[in-house]
Amino acid sequence: MTTPWLPSFLRSPIVALIGDECTVTLIDNLDLFEPKCFKYAISKGLGLGIVIGGCIVKLPQLAKILKSRSVAGISLTAYLLETISNIITIAYNFRNNYPFTTYGEAMFIGVQNYIITLLILMFTGRATLGMAAGALMLVFTYALFDRSFVGPELLSTLYSLTIPLVVSSRIPQIYTIYQNGYTGQLSAFAVFNYFLGTAARLYTTLVEVDDSLVLIGTLLATIANGVLAAQMVYYWNASAPEDQYRLDKKRD
């Protein structure tokens, strides 16, 4: 057996990420292209990158809303559906003991979506409704993580419903952009990162998660996010219609 040559303070994080077997193969033995461990390491690296990206992906969107104090061009229905989908996704993956690197971004994105949903309600004069909706989503989250409230079969059913939910959460936003003819306060950074993240998540799901529901959901999310990214490119130089522009100025 090859003696580890990498210092322990560098080797330990690698072991934590890809496991002892693949660390020995790829690092200690320098067999960098051994098929099984190579694919696994790529998947883990992508997964970690996606989770880290999920921590910041919606921050530019939050900044645009807070700076402009406007939610023009942003669909409440899209964000509400996406937030609910995030909550169910986190609970399903956590309770099935799937690796955190295969779903962790959903937690960080879910928190950001939750805040954006409340801001949409606040900036459209529905602050009271926003507080009620926020409280209900917290109760919903608690129930999903408590097996005495939601059993495994019901949770699987709810997760299967997130597949059309993920797609339907994008449709209102896609339609809003098409109807307005511009992207409004929608963040290009968030849209493109979402698309690239879900595309990479397809690979990590194929390598690490043996669950057809997760695979189908990720595939459809990638397609829907791809449509949004294409719209962002198509309407890149489009400006707001005159009536929407005046409404935004009035809010300022």
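This is a dialogue on reading the disulfide, a helix, the salt bridges and a surface patch in a predicted model.

User: What should be known about the model and its numbering before reading local features?

Analyst: The model is predicted, so local features need pLDDT of at least 70 and side-chain atom pairs count only at pLDDT 80 or more, while totals for chains, interfaces and linings use all residues. Residues are numbered from 1 along each chain as its sequence is written, and side-chain values use heavy atoms, with hydrogens and water left out.

User: How many disulfides does the structure hold, and which cysteines form the pair?

Analyst: A disulfide is a covalent bond between the sulfur atoms of two cysteines. The criterion here is a pair of cysteine sulfur atoms within 2.5 Å. The structure holds one disulfide: Cys22 and Cys37, with sulfur atoms 2.2 Å apart. Cys22 belongs to helix α1 (residues 8–28) and Cys37 to helix α2 (residues 35–54), so the bond ties together parts 15 residues apart in sequence. Helices are DSSP runs (H or I, at least four residues), numbered from the N terminus.

User: What is the handedness of the disulfide?

Analyst: The torsion about the S-S bond of Cys22 and Cys37 is about -80 degrees, so the disulfide is left-handed.

User: Are Cys22 and Cys37 buried or exposed?

Analyst: Both Cys22 and Cys37 are buried. Buried means under 20% relative accessible area, exposed over 50%, and partly exposed in between (1.4 Å probe, protein chains only). Cys55 has 34% relative accessibility, so Cys55 counts as partly exposed.

User: How many salt bridges does a search of the whole structure find?

Analyst: Side chains of opposite charge can pair when their charged atoms come close. A salt bridge here is a side-chain nitrogen of Lys or Arg within 4 Å of a carboxyl oxygen of Asp or Glu. The search finds six. One of them joins the side chains of Glu208 and Lys44 at 3.0 Å, N to O. Glu208 is in helix α8 (residues 188–208) and Lys44 in helix α2, so this pair links parts 164 residues apart in sequence. Glu208 counts as buried at 15% relative accessibility, and Lys44 counts as buried at 6%.

User: Which residue forms a salt bridge with Arg170, and which with Glu105?

Analyst: Arg170 pairs with Glu82, their closest N and O atoms being 3.4 Å apart. Arg170 lies in helix α7 and Glu82 in helix α4, so the pair ties together parts 88 residues apart in sequence. Arg170 is buried, with a relative accessible area of 6%, and Glu82 counts as buried at 8%. The side chains of Glu105 and Arg201 meet at 2.5 Å, N to O. Here the helices are α5 for Glu105 and α8 for Arg201, so the parts joined are 96 residues apart in sequence. Glu105 and Arg201 are buried. In addition, salt bridges that share partners join Arg11, Asp20 and Asp28 into one network.

User: What span is expected for helix α6, and which helices do its buried residues pack against?

Analyst: The expected span of a helix is 1.5 Å times one less than its number of residues. Helix α6 (residues 127–145) has 19 residues and should span 27 Å; its end C-alpha atoms are 28 Å apart, which agrees. Its buried residues are Gly130, Ala133, Gly134, Met137, Ala143 and Leu144. These residues pack against α4 (76–95), α5 (105–123) and α7 (152–180), where contact means heavy atoms within 4.5 Å.

User: Where is Leu32 placed?

Analyst: Leu32 is in the loop between α1 and α2, and counts as partly exposed at 44% relative accessibility.

Note on methods:
Helix = DSSP H or I, 4+ residues; strand = E, 2+ residues; numbered from the N terminus.
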